[in-house]
Structure formats: C-alpha cells, structure tokens
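Please open the structure in a viewer and keep the selection tool at hand. The tour proceeds in short stops, each naming what to select and what is found there.

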Amino acid sequence: MVVDDSRTIRRTAETLLEREGFTVVTADDGFEALSKLVDSEPDIVFLDIMMPRLDGYQTCSVIKSNRRFRSTPVIMLSSKDGIFDKARGKLAGSEQFITKPFTREDLLEAIHLHVHTTR
C-alpha cells in the first residue's frame, strides 16, 4: 500500500512496484488508507508523513494499535529527514524511514527487509 497526498508520488511508487510484480493499493490520505487497509490487508505500507486530515504519524499509530495490523510493516516517506522526524516515526511504530525522492531500490530494499512472505 502506498499512501501519499501527492498523486505523482503515488503513481511513481505504484508504477515502480507493479513493474516488479507487486499488487499495489493506493490511498491519498490516512483516512482512506485505514478504510482500504481492512479490505486489502497489505504486506507493507509506505506512508507519507505530511498529509491533510490524518498525518502519517497518526495513521501509523492507528495501524500499530490494531491487533490485526500490528505486525504490518510501516515505512515512513518524507522529504523531511531530520532526527526529530525519524524519532517521531519510530515512536509512532514505523519500521523504517525513507527520504523523498525515493528510488526503486529504496522501495525494494524496504520490502525485502520487512516482508517475510512469498509472492
């Protein structure tokens, strides 16, 4: 799952991942992500931090507080790469922090590191 309020970021990540054979669900904010999470049960969530209505930190906290999705890896995506931002992501429960602009390799490395299922 790729969650970002930027259509360009969502499309870029979706295209990169689909070319690698992954099925990708997208959402443009935290509320949409939470509703799609239940139906799609993704193996990993790439989550933007700065979004309207429900930011990435709040969305991550909700995901991690749910017993059903607690073990779903959440990778924070942000153009801000300060120590405070990374620490706040960890406190919310994220497994990793990727700075935008990300590369294909960044996404694939996160998947290989955190997703332990076979395709």
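With which residue does glutamate 41 form a salt bridge? Select glutamate 41 and arginine 68: they form the pair, and their closest N and O atoms are 2.3 Å apart. Please bear in mind that the model is a predicted one.

**First stop: the surroundings of this pair**

Glutamate 41 is located in the loop between α2 (30-40) and β3 (45-48), whereas arginine 68 is in the loop between α3 (56-65) and β4 (74-78). The pair thus links distant parts of the chain, 27 residues apart. Glutamate 41 has a relative accessibility of 45% and counts as partly exposed; arginine 68, at 46%, also counts as partly exposed.

**Second stop: lysine 100 and aspartate 48**

Next, select lysine 100 together with aspartate 48, which form a salt bridge whose closest N and O atoms are 3.0 Å apart. Lysine 100 lies in the loop between β5 (96-99) and α5 (104-114), and aspartate 48 lies in strand β3, so this salt bridge ties together parts that are 52 residues apart in sequence. Are these two residues buried or exposed? Both lysine 100 and aspartate 48 are buried.

**Third stop: lysine 80 and aspartate 85**

Move on to lysine 80 and aspartate 85, whose side chains meet in a salt bridge at 3.6 Å, N to O. Lysine 80 counts as partly exposed, with 40% relative accessibility, while aspartate 85 is buried, its relative accessible area being 9%. Now add Asp4 to a selection of Asp48 and Lys100: salt bridges that share partners join these residues into one network. The count for the model comes to 9 salt bridges.

**Fourth stop: helix α1**

Select residues 7-19, which make up helix α1. Its 13 residues, at 1.5 Å a residue, should span 18 Å, and the end C-alpha atoms are indeed 18 Å apart, in agreement.

Which residues of α1 are buried? They are Ile9, Arg10, Ala13, Leu16 and Leu17. These residues cover an arc of only 140° around the axis, so they are on the same side of α1. To find what they pack against, display β1 (2-3), β2 (26-27), β3 and α5.

Then turn to the face of α1 directed away from its buried side, where the exposed residues Arg7, Thr8 and Arg19 are found. Finally, select glycine 21, which follows α1 and has a positive phi, near 95°.

Terms used: Residues are numbered from 1 along each chain as its sequence is written. This is a predicted model: local features need pLDDT of at least 70, side-chain atom pairs count only at pLDDT 80 or more; totals for chains, interfaces and linings use all residues. Side-chain values use heavy atoms; hydrogens and water are left out. A salt bridge is a side-chain nitrogen of Lys or Arg within 4 Å of a carboxyl oxygen of Asp or Glu. Helices (H or I, at least four residues) and strands (E, at least two) are DSSP runs, numbered from the N terminus. Buried means under 20% relative accessible area, exposed over 50%, partly exposed in between (1.4 Å probe, protein chains only). The expected span of a helix is 1.5 Å times one less than its number of residues. The arc is that of the directions from the helix axis to the C-beta atoms. Contact means heavy atoms within 4.5 Å.
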